[in-house]
Amino acid sequence: MQGVLSGFAVIAVVIGVGYVIGRRGYLGEQARDVLTRLAFRIASPALLFTLLAEADLSLVFSGRLLVTALSTAAVAGVFVAVGAVRRWGVGRTTIGALCSSYVNSGNLGIPIAVYVLGDASLVAPVLLFQLVMVAPVALTILDLATTGEKQPLWRRLLTPLRNPVALGSLAGVAVAASGVEVPGPVMDPLTLIGNMAVPAVLLAFGISLRGSAPPLRSGERGPVLLAVALKSVGQPVVAWALAVGVFGLRGAQLLDVVVTSALPAAQNLFTYASSYRVGETLAREAVLVSTLLSVPVLVVVAAVLG
């Protein structure tokens with residue numbers, strides 16, 4: 001359980017520092033917006049490029065990744081269906097669907113993969129799937145949903161190429177697929193810049209908590225409860241059912257897919273919501289509540305399947 005607890009401890013400390021910064025006003029009133037833009041437009045694309053440029057793309061075709069992909073689609077689809085019935089809007093529903101299915105495979109998933117699963121590389125397929133497929137699709141939808149004017153088809157098709165996060169991810173995959181080794185003088189500065197992404201996201205998240213209503217007391221209570229229920233309970237249950245009933249996974253492989261599915265919603269979803277000015281309260285509360293709930297959920301999963 002050391003990996004679960006240490007991973008959450010690191011995140012909690014950095015978010016707490018962000019909260020103090022916001023409360024004291026050390027970085028001014030625009031601190032959250034500046035950190036969000038830094039993470040979304042500069043640091044995150046650099047981080048994703050450096051991670052994916054050296055990734056083993058054969059992991060994308062693993063059977064365990066199919067479990068992750070199907071469970072992601074299942075719970076996101078449930079939120080989309082409810083959002084359509086309730087008329088929550090395309091942008092808001094997209095953020096909610098991400099909060100229901102997009103796991104924290106980076107800054108939390110890596111330490112948990114090391115200490116609980118025994119291998120950091122086991123989280124790589126989930127990371128690749130989310131960065132290469134889920135994020136570009138979701139960000140394209142957000143781009144189109146938050147644009148008031150009608151765009152020609154060719155501009156819609158090129159939307160992912162105008163998004164910095166998607167562009168960084170796709171560039172990294174292209175480099176990995178080509179087998180080209182990026183020179184050190186190019187990769188090292190990108191790595192240094194990319195290292196700012198996770199702390200910037202967590203600090204911005206902490207700053208956003210200043211003056212915010214307690215979770216589940218805002219006007220977003222319904223969408224937040226649905227997103228958290230799907231993320232914390234629905235996705236790991238669906239992943240377990242698929243892994244056992246369809247793919248016949250047992251032992252370490254079963255533990256792997258269920259643990260990664262039980263990870264909470266990723267903090268960078270709040271960055272996406274803030275960047276597009278849609279579903280910010282939904283993202284903030286869903287990330288916070290799912291992170292808190294994931295501690296007992298992961299402990300139970302590790303105890304039962306470990």
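**Pockets, cores and salt bridges**

About 290 Å³ of space lies in the second largest pocket. A pocket here is an open set of points on a 1 Å grid over the protein atoms alone, with protein on both sides within 12 Å along at least five of seven lines, and a lining residue has an atom within 4 Å of a point. Volumes are the space filled by probe spheres set on the points, which are joined across faces, edges and corners. The model is predicted, so local features need pLDDT of at least 70 and side-chain atom pairs count only at pLDDT 80 or more, while totals for chains, interfaces and linings use all residues. Residues are numbered from 1 along each chain as its sequence is written, and side-chain values use heavy atoms, with hydrogens and water left out.

Of the 17 residues lining the second largest pocket, Ala-76, Ala-97, Val-137, Ala-138 and Ile-141 are the closest to its centre. Two or more lining residues come from each of α3, α4 (90-101) and α6; helices are DSSP runs (H or I, at least four residues), numbered from the N terminus. The lining has 13 nonpolar, four polar and no charged residues, where Ala, Val, Leu, Ile, Met, Phe, Trp, Tyr, Cys and Pro count as nonpolar, Asp, Glu, Lys and Arg as charged, and the others, Gly among them, as polar.

Turning to enclosed space, the count comes to one cavity of 30 Å³ or more, a cavity being a set of points where a 1.4 Å probe fits but cannot get out. The largest cavity has a volume of about 60 Å³. Its lining divides into five nonpolar, three polar and two charged residues, with at least two residues from each of α3 (63-86), α6 (124-145) and α12 (251-261). Among the lining residues are Arg-64 and Asp-256, whose side chains also meet in a salt bridge (2.9 Å, N to O). This pair links helix α12, which holds Asp-256, to helix α3, which holds Arg-64, 192 residues apart. Asp-256 is buried at 4% relative accessible area, whereas Arg-64 is partly exposed at 27%; buried means under 20%, exposed over 50% and partly exposed in between (1.4 Å probe, protein chains only).

Six salt bridges are present in the structure, each defined by a side-chain nitrogen of Lys or Arg within 4 Å of a carboxyl oxygen of Asp or Glu. Arg-32, Asp-33, Arg-277 and Glu-280 are linked in a network of such bridges. Within this network, Arg-32 pairs with Glu-280 (3.0 Å, N to O). Arg-32 lies in helix α2 (residues 31-53) and Glu-280 in helix α14 (residues 280-305), so this bridge ties together parts 248 residues apart in sequence. Arg-32 is buried at 17%, and Glu-280 is buried at 18%. Asp-33 bridges to Arg-277, with the closest N and O atoms 3.4 Å apart.

The largest nonpolar core has 70 residues, of which Ile-95, Tyr-102, Leu-269 and Tyr-272 touch the most other members. A core is a set of buried Ala, Val, Leu, Ile, Met, Phe, Trp, Tyr and Cys residues joined through side-chain atoms within 4.5 Å. Helix α6 gives the largest share of this core, 10 residues. Apart from the largest core lies another, of nine residues, including Ile-21 and Ala-200.
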